[in-house]
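User: I'm new to this one and would like a close look at a single part: the place where the protein meets the RNA. Could you walk me through that, and then show me how it sits in the rest of the chain?

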Amino acid sequence: MPEIRFPDGASRSYPDGVTGFDIAEDISKSLAKKALAVEVDGELRDLKRPVEADSEIRIITARDPEGLELIRHDAAHVLAEAVQELFPGTQVTIGPVIEDGFYYDFAREEPFSTEDFEKIEAKMAEIVDRDEDIVREVWDRDEAIKYFKSIGEEYKAELIADLPENEVISIYRQGEWLDLCRGPHLPSTGKLPKAFKLMKLAGAYWRGDHRNAMLQRMYGTAWADEKALKAHLNRIEEAEKRDHRKLGKEMNLFHMQEEAQGQVFWHPNGWTLYRALQDYMRRRQDEGGYKEIRTPQLMDRKFWEESGHWGKYRENMFISSIEEEDKVLAVKPMNCPCHVQVFNQGQKSYRDLPLRLAEFGSCHRYEPSGALHGLMRVRGFVQDDAHIFCREDQITDEVKKFCSLLQRVYTDLGFDDVKVRYADRPEVRVGGDEIWDKAEKALKTAADATGLDVLYEPGDGAFYGPKLDFVLRDAIGREWQVGTIQADFNLPERLDATYIGEDGEKHRPVMLHRAILGSFERFLGILIENYAGAFPMWLAPTQIVVATITEDAADYAREAADTLRKAGLRVETDLRNEKINYKVREHSNAKVPYIAVVGNREAEEKNVALRAFGEGGKKQEVISLDDAVTRLSGEALPPDLKTS
RNA sequence: GCCGCAGUAGCUCAGUGGUAGAGCGCACCCUUGGUAAGGGUGAGGUCGAGAGUUCAAUUCUCUCCUGCGGCACCA
């Protein structure tokens with residue numbers, strides 16, 4: 001007679017062999033109907049498995065996160081059953097739950113096509129309608145292997161063979177179909193809400209290894225009800241509207257073309273944005289005690305051999321040569337070795353440290369063609385890079401300073417949700433334990449002091465030192481790894497960087513590699529998507545458009561625009577022979593922060609009718625041109641120059 | 001790099017085995033209109049590149065290039 005305790009503290013005893021379903025039914029008929037699984041002492045189980053011992057249980061429905069996972073997991077199984085029914089000879093492999101849905105990897109000679117989706121979805125619905133009982137069975141390992149081999153499921157057989165010795169081999173049967181699975185599952189296929197949709201088709205390597213066969217992966221999404229599915233599809237649509245590649249074209253920010261794969265042609269609008277961001281970063285860095293430098297693009301192969309890049313990073317480097325000189329040069333993929341060269345000029349004293357060398361360093365890396373993605377992953381980019389050369393005992397202080405600078409910048413740029421990832425020593429590494437101890441302690445202390453959420457990733461540091469990575473969450477919840485600070489005990493050694501200490505002896509400085517934005521290209525991509533193109537005034541390529549109602553106001557419009565321009569604002573005029581409605585619509589669509597409408601009335605009084613973007617438009621205000629200059633030029637100041 | 005899909009006007013896209021079409025944009029004309037699309041006329045295309053099948057290819061087949069979605073990669 002197991003004694004069952006419920007989440008609300010109540011408890012009851014039930015006869016032996018009682019199942020989660022029985023208990024749910026005992027509570028209420030409607031709960032039994034909605035029940036998907038049961039959590040027994042924290043472990044998720046099938047509804048129909050007997051609860052043997054005294055335990056605490058919770059009935060899981062579609063409202064619980066666990067319930068949603070079960071739904072997605074079952075959707076994957078139903079998909080697999082549907083596919084095997086429709087396409088005999090297809091082998092099943094794995095089908096896990098992922099964020100917002102699931103996928104299933106199939107092995108089949110002929111390719112699937114998205115045109116098959118409709119048919120497969122219909123078959124899935126049919127399987128749901130059949131309401132097949134989903135039954136758990138425990139099999140003998142060898143028998144299971146034999147069985148799956150006998151029906152031609154080589155991948156499944158391999159999976160079972162690779163399971164640990166003591167693992168229970170559970171098989172789930174739904175109707176005629178069965179699959180190896182840890183479970184748990186819904187009680188029957190009829191419990192799967194018809195709120196699923198197949199989304200896309202892609203190739204994926206068996207077990208994620210590119211040396212293995214390529215399988216065909218079907219992605220799907222599944223939800224508790226149709227409303228949730230619709231909401232999800234809506235979110236996808238919203239995200240597509242923000243796509244920086246789409247907005248980049250619409251707003252005439254940049255373009256890319258095949259002759260310069262993975263490299264950006266910045267248009268005037270985009271370059272204005274770029275410059276605004278770079279100018280801002282430059283001021284923040286100057287303020288933070290950095291010295292800006294500029295180093296060469298092309299360096300001799302011998303140099304990269306010394307730095308170690310030729311050995312380790314060769315396949316990512318663009319190589320150049322010139323017949324006349326019989327030399328091989330490489331385009332720099334990173335700035336660090338060059339910065340060490342600057343450090344190495346002349347003799348450095350401990351008094352020179354910390355030395356913070358910054359460069360908006362243009363780098364090129366050969367990225368595999370399949371990795372390229374708009375501004376987010378490019379082959380030519382500019383880093384907001386800097387290297388801090390310091391003594392070991394200065395690491396803590398420098399990392400802390402960096403963290404506060406970085407937080408300042410992220411806040412200014414509109415990102416409030418930031419996380420830190422702290423990664424310490426990997427198995428294979430350079431440098432003694434003593435210095436790793438120091439550096440790890442410094443990074444960890446600084447990370448904790450930021451007040452941000454810290455994720456610990458043991459063993460995930462670089463071979464040359466521990467690191468902190470910073471992750472932003474954007475307006476629609478996506479995460480981006482941007483900033484980083486990494487201690488490096490290796491490069492100063494390789495490139496023989498030294499300083500003279502208080503003791504008059506030569507010492508090795510520690511080098512801190514750090515970036516806040518990462519690359520301007522990628523960060524601008526993130527900014528475009530975060531703001532959905534509606535930039536704050538200081539970043540907006542065009543800050544204000546002066547638009548005329550009729551031709552009569554053209555002279556005044558020019559005069560007003562000049563006045564605003566002289567106050568440092570980025571102003572355009574729209575004197576076209578078009579109706580004001582048309583102009584307002586066009587500039588609103590272009591997300592220009594302000595439209596100053598001028599007609600005869602404004603011209604006579606030296607006023608402007610100001611219309612701010614995004615306020616429903618109705619909040620227009622007629623103010624004097626002078627007031628507009630004061631107000632707008634104040635509003636257009638970058639965050640670091642604003643007094644308030 | 002691997003798998004799948006795609007490439008037609010400046011943009012978004014329709015279409016066909018007999019050398020192409022829409023909307024927007026652009027140019028010109030009419031209209032001078034007070035806060036999210038006024039009207040008319042017109043220009044604009046080697047239908048991604050190459051090869052093959054065919055009397056005939058933008059359309060079918062193959063190769064390549066580029067893009068997109070994943071996978072792998074991102075020290």
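Analyst: Here is a walk along the RNA-facing surface, followed by some stops elsewhere in the chain.

A word on ground rules: this is a predicted model, where local features need pLDDT of at least 70 and side-chain atom pairs count only at pLDDT 80 or more, while totals for chains, interfaces and linings use all residues. Residues are numbered from 1 along each chain as its sequence is written, chains are lettered from A and ligands numbered from 1 in the order in which they are written, and side-chain values use heavy atoms, with hydrogens and water left out.

Let's start with the RNA. RNA strand B is surrounded by 47 residues, where "near" asks for a heavy atom of the residue within 4 Å of the strand. The closest are Y205, Y313, S369, N577 and R585. What sort of residues make up this surface? They divide into 18 nonpolar, 15 polar and 14 charged. For that sorting, Ala, Val, Leu, Ile, Met, Phe, Trp, Tyr, Cys and Pro go down as nonpolar, Asp, Glu, Lys and Arg as charged, and the others, Gly among them, as polar.

Now look at it from the RNA's side. Among the atoms of RNA strand B within 4 Å of the protein, 48% belong to sugar or phosphate, and the rest to bases. Some side chains make polar contacts there (N or O pairs within 3.5 Å; within protein, one atom must be able to donate a hydrogen and the other to accept it, and residues adjacent in sequence count only if both atoms are side-chain atoms). Y582 has a side-chain N or O atom 2.8 Å from a phosphate oxygen of RNA strand B. For Q261, the distance from a side-chain N or O atom to a phosphate oxygen is 3.0 Å. H210 instead faces a sugar or linking oxygen, at 3.3 Å from an N or O atom of its side chain.

Which element gives the largest share of this surface? That is α18, with seven residues. The elements that each supply at least two residues are β12 (196-205), β13 (214-222), α8 (244-250), α18 (580-589), α19 (600-605) and β32 (607-612). These labels are DSSP runs numbered from the N terminus: helices are H or I runs of at least four residues, and strands are E runs of at least two.

Stepping back, chain A has 20 helices and 33 strands. Its C-alpha trace spans about 85 × 75 × 60 Å along the principal axes. Of its 644 residues, 51% count as buried, meaning under 20% relative accessible area, with exposed over 50% and partly exposed in between (1.4 Å probe, protein chains only).

One strand to find in the view is β21 (residues 380-390): 11 of its 11 residues are buried. In a regular strand the side chains alternate between the two faces of the sheet. In β21 both faces are covered, with G380, V382, D384, A386, I388 and C390 on one side and F381, Q383, D385, H387 and F389 on the other. The strand has partners, too, where pairing takes at least two DSSP bridges. It runs antiparallel to β20, joined by 10 bridges, with S362 opposite V382. It also runs antiparallel to β28 (residues 510-519), through seven bridges, and there I388 stands opposite L512.

Elsewhere, three strands form an open antiparallel sheet in the order β17-β19-β18. Its edges are β17 (298-300) and β18 (319-322), each pairing on one side only. In β19 (residues 327-331), which is joined to β18 by four bridges, K327 stands opposite I322. In the loop between α11 (309-312) and β18 you will find N316. N316 counts as buried because its relative accessibility is 18%. Leaving out residues up to four places away in sequence, N316 touches H364, R365 and Y366, a contact being heavy atoms within 4.5 Å.

Finally, a few backbone details. The peptide bond from L353 to P354 is cis, with omega near -5 degrees, and P354 sits in the loop between α12 (336-344) and β20 (355-364). D131 has a positive phi, near 50 degrees, in a residue other than glycine; its loop lies between α4 (117-130) and β9 (134-139). A532 also has a positive phi, of about 50 degrees, although it is not a glycine, and is found in the loop between α16 (520-531) and β29 (544-548).
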